[in-house]
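Hi,

Here is the structure I said I would pass on. Have a look at it first, and then read on for what turned up.

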Amino acid sequence: MLRGAGFGLAIAAPVGPIAVLLIRRTLLRGRAVGYASGLGAATADLGYGLVVALGLSAVTDALDAAARGLQVFGGVVLVLLGWRTARAPTPDVTDIAAEPTRRGLLAAYSSTLLLTLTNPATVVAFLAVFASVGVLTTSSSSSDAISVAAGVAAGSALWQLGLCTVVSLLRHRLSPTTLHRVNIGSGAVIAAFGVAALVAAT
């Protein structure tokens, strides 16, 4: 499980559209929303990890067959999300400090879960991780595979929540002008990842 957690950190650490989304949500909507979004990403990692760890070949084959469609869908969603983010109005200090509602936290969790699940390439990363740990051999047990999957998810969650915590410590020091620039910059980056996904799918 500890080795799986290390791999989970390594998988989650590279800066991608999900990390940009977490940073932006934490800055503008607070730590709780950032945490909910991070847990959504970690849940998706756990789901993909269990698919690979338990040898669910039928699901893996289906994901492989639908990889292009999922990539196109994810690319379109990212482009639209980037456009919406760049055009979003900058909230004032009272809005930023407001406590999020349960519905808002659920929306943050589910939207990040969906975005992370639209990246079937994650399965390839988990295959490499589990092969290197040795849980894909015939001598490995289901409990070993589940332990590694749980470790990967825990490592992913640790990185996501740590990132949100660090960003939340800085958000009250930022001016409205800086927050507006965060909207535009993060929107452009998210949209760029979406365009890259669409190009790769062609």
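In what order do the elements of the chain run from the N terminus on? They go α-α-α-α-α-α-α-α-α-α. In other words, the secondary structure comes to ten helices and zero strands. Keep in mind that this is a predicted model.

Some overall numbers, to get you started. The chain has 202 residues, and buried ones make up 39% of them. Its accessible surface comes to about 10,500 Å², with 69% of that belonging to carbon and sulfur atoms. As for contacts between residues at least 6 apart in sequence, 89% join residues that are at least 24 apart.

Now for the inside. The largest nonpolar core is made of ten residues: I18, V20, L21, L22, A41, L78, L81, L115, C164 and I190. Two elements, α2 (17-29) and α5 (67-87), each give two or more residues to this core. The top contributor is α2, with four residues. There is also another core lying apart from that one; it has five residues, including L27, L28, V167 and L179.

If you want one residue of the largest core to click on, try L81. Setting aside neighbours within four places in sequence, L81 is in contact with L21, L115 and I190.

Then there are two threonines worth a look, T112 and T116. Helix α7 (residues 102-117) holds T112, and T116 has its place in α7 too.

Start with T112. Is it buried or exposed? T112 counts as buried, because its relative accessibility is 0%, and the cut-off for buried is under 20%. A polar atom of the T112 side chain lies 2.8 Å from the backbone oxygen of A108. Leaving out neighbours within four places in sequence, T112 touches I18, L21, R25, S37, G40 and A41. Among these, I18, L21 and A41 belong to the largest nonpolar core.

On to T116. With a relative accessible area of 9%, T116 is buried as well. What does the side chain of T116 reach at 2.8 Å? That would be the backbone oxygen of T112, so you can step from A108 to T112 and on to T116 by following these pairs. Beyond its neighbours within four places in sequence, T116 is in contact with I18, A41, A44, D45 and Y48.

That is what I have for now. Happy browsing!

Notes: Residues numbered from 1 in each chain as written. Predicted model: local features only at pLDDT ≥ 70, side-chain atom pairs only at ≥ 80, totals over all residues. Heavy atoms only, no water. Core = buried A, V, L, I, M, F, W, Y, C linked by side-chain atoms within 4.5 Å. Buried < 20%, exposed > 50% of the residue type's maximum accessible area, 1.4 Å probe, protein only. Contact = heavy atoms within 4.5 Å. Polar contact = N/O pair within 3.5 Å; in protein donor to acceptor, adjacent residues only side chain to side chain. Areas by Shrake-Rupley, 256 points an atom, 1.4 Å probe, with all protein chains shown as cover.
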